[in-house]
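Please open the structure in the viewer and keep the selection tool at hand. The tour proceeds by selections, each followed by a description of what is found there.

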Amino acid sequence: MTVKQLSMPELVEACGELGVANVGLWREPVQTYGLEATAKLVRDAGLTVTTLCRGGFFTAIDPQERAKALDDNRRAVDEAATLGTDVLVLVSGGLPAGSKDLHGARERIADALGELGPYAEERGVKLAIEPLHPMYASDRCVVSTLAQALDLAERFPAHQVGVTVDTYHIWWDDTAPQQIARAGAGGRIHTFQLADWTTPLPEGVLTGRGQIGDGAIDMREWKGYVEAAGYSGAIEVELFNDGLWARDGREVLAETAQRFVEYAA
């Protein structure tokens with residue numbers, strides 16, 4: 001994935017030096033460097049963009065906020081198509097301020113998917129709902145399990161809406177392997193991401209995604225589940241971690257490539 005402390009040209013150069021052929025991109029650094037410029041940069045370097053992160057945040061009740069979110073997601077779909085990836089990862093959004101209605105929030109996500117799915121399909125992009133660990137349910141994502149994500153995705157064609165399988169968010173859930181099989185049978189695993197669970201979590205918990213091999217998750221076990229479910233696409237390593245961000249970006253990227261071989265390949 002995008003390395004926070006590297007500029008887009010530095011990231012592309014470092015990937016080339018390490019023989020990394022695929023990269024997932026975040027919207028913010030793409031916008032900083034420029035969408036068209038990034039598309040040309042990665043294309044000229046022979047890099048494949050695996051996914052774009054992220055769209056989503058569909059749970060607003062206010063009509064104007066909701067329309068604004070949908071417009072932003074249409075832009076995200078357009079950006080994904082320009083970058084040459086066919087997957088837009090979605091973080092669905094938490095509870096609006098003052099609300100305690102989880103069911104209503106999830107239904108608004110379904111409504112948004114119904115509007116965005118055909119738009120994305122016309123541009124060759126699939127939407128990948130990412131369930132986030134329940135600790136994020138109030139403020140970032142009311143979709144907390146793969147089962148909940150699939151319950152939403154299965155209302156729509158698989159070539160429009162599927163799921164993101166992310167070890168960091170589902171490793172604790174003993175029903176997740178069964179749900180991965182369910183997703184695979186329906187052709188709905190649109191991307192697979194790795195990060196480790198290390199404790200203690202940082203204040204605010206957002207930057208708790210640990211380097212693979214440093215925590216409690218057996219990466220090969222989860223890779224085995226997605227492969228058994230028929231997934232053969234790219235595997236992304238997504239790290240949100242202040243300690244890693246404080247280090248040299250090229251060093252962290254090289255370490256991540258080495259850790260992938262050691263713990264996941």
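The stops below cover the nonpolar cores, one helix, the salt bridges and some backbone details.

**The nonpolar cores**

The model is a predicted one. In soluble globular proteins, nonpolar side chains tend to be buried together. Begin by selecting Leu 11, Leu 25, Leu 113, Leu 127, Ile 129, Val 165 and Ile 180; within the largest nonpolar core, which has 72 residues, these touch the most other members. Helix α5 supplies the largest share of this core, with eight residues.

Now centre on Val 165. Which residues does Val 165 touch, leaving aside those up to four places away in sequence? The contacts are Leu 146, Ile 170, Ile 180, Ile 189, Thr 191, Phe 192, Gln 193 and Val 226.

Apart from the largest core lies another, of six residues; select Trp 26, Cys 53, Val 89 and Phe 240, which are among them.

**Helix α11**

Next, select residues 249-263, which form helix α11. How far apart should the ends of α11 lie, and how far apart are they? At 1.5 Å a residue, its 15 residues should span 21 Å, and the end C-alpha atoms are 20 Å apart, so the two values agree.

Colour Gly 249, Val 252, Leu 253, Glu 255, Thr 256 and Arg 259, the buried residues of α11. Then turn the view to look down the axis of the helix: these buried residues fall within an arc of 160 degrees and therefore line one face of α11. To see what covers them, add α1 (8-18), β9 (235-237) and α10 (242-245), which are included in that cover.

At the N-terminal end of α11, show the side chain of Asp 248, which acts as a cap. One of its side-chain oxygens lies 3.1 Å from the backbone nitrogen of Arg 250.

**Salt bridges**

The structure holds 20 salt bridges. A few of them are visited here.

Select Glu 107 and Arg 155, which form a salt bridge with the closest N and O atoms 2.7 Å apart. This pair links distant parts of the chain, 48 residues apart: Glu 107 belongs to helix α5 (residues 102-122), while Arg 155 is in the loop between α6 (146-153) and β5 (161-166). Glu 107 has a relative accessibility of 25% and counts as partly exposed; Arg 155, with a relative accessible area of 47%, is also partly exposed.

Move to Arg 182 and Asp 151, whose side chains meet in a salt bridge at 2.8 Å, N to O. Arg 182 lies in helix α8 (residues 176-185) and Asp 151 in helix α6, so the pair ties together parts that are 31 residues apart in sequence. Arg 182 is partly exposed, its relative accessible area being 25%. Asp 151 counts as partly exposed at 45% relative accessibility.

Glu 122 and Arg 123 come next; their side chains meet in a salt bridge of 3.2 Å, N to O. Are these residues buried or exposed? Glu 122 is exposed, with a relative accessible area of 64%, whereas Arg 123 is partly exposed, with 32%.

Then select Arg 27, Asp 72, Arg 75 and Glu 79 together, as a network of salt bridges links them. Within this group, Arg 75 lies in helix α4 (residues 63-83) and counts as partly exposed at 45% relative accessibility. Add Gly 55 to the selection: its C-alpha atom is separated from that of Arg 75 by 9.0 Å, the two residues being 20 apart along the chain.

**Backbone details**

Select Cys 53 and Arg 54, which are joined by a cis peptide bond with omega about -5 degrees. Cys 53 was met above as a member of the six-residue core; Arg 54 is found in strand β2 (residues 48-56).

Continue to Phe 57, in the loop between β2 and α4. Phe 57 is not a glycine, yet its phi is positive, near 55 degrees. With a relative accessible area of 28%, Phe 57 is partly exposed.

The last stop is the loop between β7 (196-197) and β8 (209-210), where Pro 200 is placed. A cis peptide bond joins Thr 199 and Pro 200, with omega about 0 degrees. Val 205 also lies in the loop between β7 and β8. Although not a glycine, Val 205 has a positive phi of about 60 degrees, and at 21% relative accessibility it counts as partly exposed.

Notes:
Residues numbered from 1 in each chain as written. Predicted model: local features only at pLDDT ≥ 70, side-chain atom pairs only at ≥ 80, totals over all residues. Heavy atoms only, no water. Helix = DSSP H or I, 4+ residues; strand = E, 2+ residues; numbered from the N terminus. Expected span 1.5 Å × (residues − 1). Buried < 20%, exposed > 50% of the residue type's maximum accessible area, 1.4 Å probe, protein only. Arc of directions from axis to C-beta. Contact = heavy atoms within 4.5 Å. Polar contact = N/O pair within 3.5 Å; in protein donor to acceptor, adjacent residues only side chain to side chain. Salt bridge = Lys/Arg side-chain N within 4 Å of Asp/Glu carboxyl O. Core = buried A, V, L, I, M, F, W, Y, C linked by side-chain atoms within 4.5 Å.
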